[in-house]
Amino acid sequence: MLRKGQNENRAGAMIDKEALDWLVRTRDPDFTDWDGFTLWLEADPAHGAAYDALMVADSELDSWLPAEPVAMPVAANDAGPRGWRPLRWIGGGAVAAALVAAVSIGMFTRSDIYSVTTRPGEPRTIALDDGTRVELNGGTTMRFDRNNPRSAALDAGEAAFTVRHDAADPFRVTVGDDVFEDAGTVFNIVHVDNATQIGVSEGKVVYNPDAEAIQLPAGRGLAEDAQGLRVMAIAPEAVASWRQGRLIYANAAVAQIGQDIGRSLGVQLTVAPGAGAQRFTGTIRLDRDPARFFAEAAPLMGLTAVRQGDAWLLKEGDGPQS
Amino acid sequence: MADGLSAIFLAHRPALLRFLRARGAGDDAEDLLQDMWMKLEAKDLGPVADPVPYLYRAANNLMLDRYRSATRRERREQDWSENAGGVMADPVEATAIDERMIFNQRLEQVRAVLRALGPRVELVFRRFRLEGVGQKLIAEELGVSLTTVEKDLQKAYRALLALKQKFDTE
């Protein structure tokens with residue numbers, strides 16, 4: 001019967017696909033799911049056979065895999081010196097010039113991935129080829145892909161995204177293992193240590209579209225930190241307010257506010273533990289002059305600011321400054 | 001060998017046997033496992049960081065070797081019967097040059113296939129397959145999700161295994 005043959009082919013292709021899946025997984029030095037692998041093998045003797053065949057084919061690839069992708073084969077009787085010669089990744093990296101806005105550009109292993117780092121207090125705007133605008137706050141590191149203007153990675157710090165929406169090719173921001181995908185959007189992401197916070201002011205963002213797929217419309221925020229994943233309501237006008245020289249908070253921990261201030265103004269700021277645990281609701285106006293800024297901001301939060309050389313300390317109490 | 005590994009081996013013995021059977025060892029599973037354990041013991045590895053995955057990996061490699069030598073034997077027998085009927089020429093010199101040319105051509109084709117997949121896929125595959133870097137670390141390095149790394153690897157493998165199949169039938 002013809003149909004039966006087709007079904008068998010399809011089943012074979014399915015097994016091959018799964019076997020490849022397991023090959024990729026079991027070849028990972030960190031692989032631990034041997035129980036899951038056993039269950040898959042037990043389900044059908046054809047599974048093990050397909051896996052073995054692929055594994056052997058994989059090990060036979062060794063002889064064909066070029067050790068260096070762009071090393072031209074050197075004839076054995078080449079007269080030139082046989083010493084080390086510089087080898088470049090995919091034809092080398094004339095890339096740096098493209099990024100005028102960057103304070104420092106760190107080249108990674110690939111010439112088409114570039115990283116942009118801003119110093120504290122020195123925000124920068126990056127215009128991507130697709131019309132998307134990324135505003136990096138001070139003290140922020142991001143990576144972009146020259147070949148794919150629809151993606152970016154926020155490694156540390158804070159950035160606001162004004163995305164040119166394209167439903168067929170959504171813009172994606174990677175933060176650690178998480179992905180935020182735009183659906184026509186202005187949004188802001190803060191990533192400090194292992195905590196991530198996103199606020200959406202226009203349109204919609206999808207958190208980890210391939211996993212949790214949490215929809216974040218305008219006015220919604222999401223935080224992910226040691227306490228887990230939380231979704232909350234936020235004021236859209238508070239999102240990325242640092243761009244307008246303001247920081248807007250609703251019941252935010254002073255420790256977090258301290259980080260925002262340091263990043264935005266480029267001052268070295270320590271928050272005493274007691275002060276850091278306090279909560280603040282309101283708007284703080286940013287001022288480039290630290291003395292003037294703290295004179296206004298500290299009492300607003302019910303705290304005291306103390307100058308320590310070039311650095312500042314925020315602590316509890318509004319008594320006389322020591 | 002540390003007593004720790006020995007205890008862990010004993011505790012996981014049934015599961016390892018089950019794995020070997022699922023892996024196609026059949027009635028040989030007990031003997032194979034015993035053999036494997038004696039070889040590991042003889043090696044005197046000292047403490048092993050992740051003993052359970054380590055034992056499973058050893059068992060997996062064992063079955064892979066078994067499969068490999070079985071197919072090699074099969075191939076040898078097949079070659080023998082094919083050659084026995086034909087006229088055997090002996091062009092030692094000629095094949096050496098030929099083979100080098102074919103080798104270089106194939107190397108170029110592999111490069112082209114990898115390049116066509118895009119730089120990220122190529123980089124992920126290179127880090128994983130040639131440099132032996134774990135997928136989690138690769139994901140961190142590139143700032144992408146683990147799923148993306150897995151998918152990139154599957155893509156690269158699919159393309160390369162298809163190319164290899166073409167080589168094998170040429």
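Which helix of chain A is A:Ala53 found in? In this predicted model, the residue belongs to helix α3 of chain A. A:Ala53 counts as partly exposed, because its relative accessibility comes out at 36%, and the partly exposed class lies between the buried limit of under 20% and the exposed limit of over 50%. As for its surroundings, A:Asp16 sits 37 residues away from A:Ala53 along the chain, yet the C-alpha atoms of the two are separated by 9.6 Å.

Next comes the place where the two chains meet. On one side, 54 residues of chain A take part, and they are in contact with 50 residues of chain B. Together the chains bury about 4,800 Å², and carbon and sulfur atoms account for 61% of that area. Within chain A, the residues that lose the most area to chain B are A:Val24, A:Trp34 and A:Trp64; between them they make up 16% of what that side buries.

Charged and polar pairs also turn up between the chains. The count of salt bridges between chain A and chain B is four. One of these joins the side chains of A:Glu42 and B:Arg18, with 2.6 Å from N to O. Residue pairs in polar contact between the two chains number 14, counting pairs with both members at pLDDT 80 or more. So which parts of chain A supply the side that touches chain B? Helices α1 (2-26), α2 (34-43) and α3 (45-60) of chain A each put in at least two residues. The largest share comes from α3(A), with twelve residues; this is also the helix that holds A:Ala53. Sorted by type, the residues on the side of chain A that touches chain B split into 27 nonpolar, 17 charged and ten polar.

How far the predictor trusts its own picture can be read from its scores. For the model, ipTM is 0.85 and pTM is 0.46. Chain B has an average pLDDT of 81, and 81% of its residues score at least 70. Where in chain B is confidence lowest, and where is it highest? The low end is helix α4 (residues 92-116) of chain B, with a mean of 73, while the high end is helix α7 (residues 146-169) of chain B, at 91. There is also a stretch of chain B, residues 84-94, over which pLDDT stays under 50. For residues 84-94 of chain B, the model has one contact beyond four places in sequence.

Terms used
Residues are numbered from 1 along each chain as its sequence is written. Chains are lettered from A and ligands numbered from 1 in the order in which they are written. Side-chain values use heavy atoms; hydrogens and water are left out. Contact means heavy atoms within 4.5 Å. Buried area is the accessible area (1.4 Å probe) that two parts lose on being put together, summed over both. A polar contact is a pair of N or O atoms within 3.5 Å; within protein, one must be able to donate a hydrogen and the other to accept it, and residues adjacent in sequence count only if both atoms are side-chain atoms. Helices (H or I, at least four residues) and strands (E, at least two) are DSSP runs, numbered from the N terminus. Ala, Val, Leu, Ile, Met, Phe, Trp, Tyr, Cys and Pro count as nonpolar, Asp, Glu, Lys and Arg as charged, and the others, Gly among them, as polar. pLDDT is the predictor's confidence in each residue, from 0 to 100. Buried means under 20% relative accessible area, exposed over 50%, partly exposed in between (1.4 Å probe, protein chains only).
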